[in-house]
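Here is a friendly walk through one protein model, written for someone who likes to check contacts and geometry against the coordinates. Have your viewer ready as you read.

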Amino acid sequence: MPLYRDEAVVLRTAKLGEADRIITMLTRSHGKIRAVAKGVRKVRSRFGGRLEPFMRVDVLVAQGRTLDSVSQAESVAAYAAPISADYDAYVAAGVIVETVERIVTTEHERVDAQYRLLIGALHALASHAHEPAAIADSYVMRALALAGWSPRLDACVVCGRPAGDPAYLSVAAGGVMCQADRTRDAHRVETATLNRLRALLHGDWATLDAAPLDAATRRLVEEWSEYYLERPIRSLRLLDS
Ligand SMILES: [Zn+2]
């Protein structure tokens, strides 16, 4: 059987049969892959705890006719322990892996920028670099932006002029609108909220670390991701450069 080696982050696991699991991973060079880990649920599994969600591992994968299988897994960074020890970080990491799984819809398609963004976010969570909710929200906005869904925040999406104050934001239209052009679904956003959305998109931690994320900003991130994750995303191969 042909083998390949890659670095990967474990996104999700699902039980298979008596002792096995299917491991969904995002890899550095092969994009999203799913592979069976045989015997991983046995007490003395050769994989230990290395194939748990949020682990960053070096894997050797054997290509099968129907399903690949993991032959070896070595730890690169044990993000799982520090993340699982902190409830807020654990919740944030769950949002992050679910988001990347939904954004990267095809398997075996290299997605370098998404991989780097994922590693950065999990590393930040594991090292308690910033507020977990801000790490997750920044990750979600940036991962969606890489996939082609970046909100336009500088000018009205209809007329292109500065949106003014107050500005209105339409998730469906993809950004801010001026008072004259606003559609019924657009809601009013404060300048401070727009500034925080920009900071999330750019990973501007000096701004984000200054105060906890407010409810209005968090709601917008949630609305934005719910809306765009429901829709098919254009080929990541073209957009992820
Ligand atoms: Zn306008």
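A good place to start is the salt bridge in which the side chains of glutamate 107 and arginine 34 meet, at 3.1 Å from N to O. Glutamate 107 sits in the loop between α2 (87-103) and α3 (112-126), while arginine 34 belongs to strand β3, so this pair ties together parts that are 73 residues apart in sequence. Glutamate 107 is partly exposed, with a relative accessible area of 35%, and arginine 34 counts as partly exposed too, at 37%. Please keep in mind that this is a predicted model.

**Other salt bridges**

The structure holds 13 salt bridges. Another of them joins the side chains of arginine 21 and glutamate 52, at 3.9 Å from N to O. Here arginine 21 lies in strand β2 (residues 20-27) and glutamate 52 in the loop between β3 (31-37) and β4 (56-62), so the contact ties together parts that are 31 residues apart in sequence. Is arginine 21 buried or exposed? With a relative accessible area of 18%, arginine 21 is buried, because the cut-off for that class is under 20%. Its partner, glutamate 52, is partly exposed at 33%.

Within helix α2, glutamate 98 and arginine 102 are 4 residues apart, which means that about one helical turn separates them. These two residues form a salt bridge, with 3.4 Å between the closest N and O atoms. Glutamate 98 counts as partly exposed at 45% relative accessibility, and arginine 102 is partly exposed at 33%. Elsewhere, Glu7, Arg28 and Arg56 are linked in a network of salt bridges.

The three pairs described above have these N to O distances:

| Salt bridge | Distance (N to O) |
|---|---|
| Glutamate 107 and arginine 34 | 3.1 Å |
| Glutamate 98 and arginine 102 | 3.4 Å |
| Arginine 21 and glutamate 52 | 3.9 Å |

**The annotated N-terminal span**

An unreviewed UniProt entry carries the annotation "domain: DNA replication/recombination mediator RecO N-terminal" for residues 1-79. In the model, that span is 0% helix and 58% strand, and its end C-alpha atoms lie 31 Å apart.

**The zinc site**

Which protein atoms are the donors of the zinc ion? They are Cys156 (SG), Cys159 (SG), Cys178 (SG) and Asp181 (OD), lying 2.0 to 2.3 Å from the ion. Along the chain, these donors follow the spacing C-x2-C-x18-C-x2-D. Cysteine 159 is in the loop between α4 (132-146) and β6 (167-170), and aspartate 181 is in the loop between β7 (175-177) and β8 (187-189), so this pair, 22 residues apart, links distant parts of the chain.

The angles among the 4 donor atoms run from 100 to 121 degrees, and the site is tetrahedral. For comparison, the ideal angle for four tetrahedral donors is 109.5 degrees. Cysteine 159 counts as partly exposed at 29% relative accessibility, as does aspartate 181 at 24%.

**A cavity**

How many cavities of 30 Å³ or more does a search of the whole structure find? The search finds 1, and the largest cavity has a volume of about 40 Å³. Its lining consists of Met141, Pro151, Leu169, Val171, Leu197, Leu220, Val221 and Trp224. Helix α7 (residues 215-229) gives the most to that lining, with 3 residues.

Notes: Residues are numbered from 1 along each chain as its sequence is written. This is a predicted model: local features need pLDDT of at least 70, side-chain atom pairs count only at pLDDT 80 or more; totals for chains, interfaces and linings use all residues. Side-chain values use heavy atoms; hydrogens and water are left out. Donors are N, O and S atoms within 2.8 Å of the metal (3.2 Å for Na, K and Ca); water is not among the atoms, so sites may look incomplete. Four donors count as tetrahedral if all angles lie between 85 and 135 degrees; four count as square planar and six as octahedral if opposite donors are over 155 degrees apart and all others between 65 and 115; anything else is irregular. Helices (H or I, at least four residues) and strands (E, at least two) are DSSP runs, numbered from the N terminus. Buried means under 20% relative accessible area, exposed over 50%, partly exposed in between (1.4 Å probe, protein chains only). UniProt positions are given in the numbering used here, feature names are shortened, and annotations may be inferred rather than shown by experiment. A salt bridge is a side-chain nitrogen of Lys or Arg within 4 Å of a carboxyl oxygen of Asp or Glu. On a 1 Å grid over the protein atoms alone, a cavity is a set of points where a 1.4 Å probe fits but cannot get out, and a pocket is an open set with protein on both sides within 12 Å along at least five of seven lines; lining residues have an atom within 4 Å of a point. Grid points are joined across faces, edges and corners, and a volume is the space filled by probe spheres set on the points.
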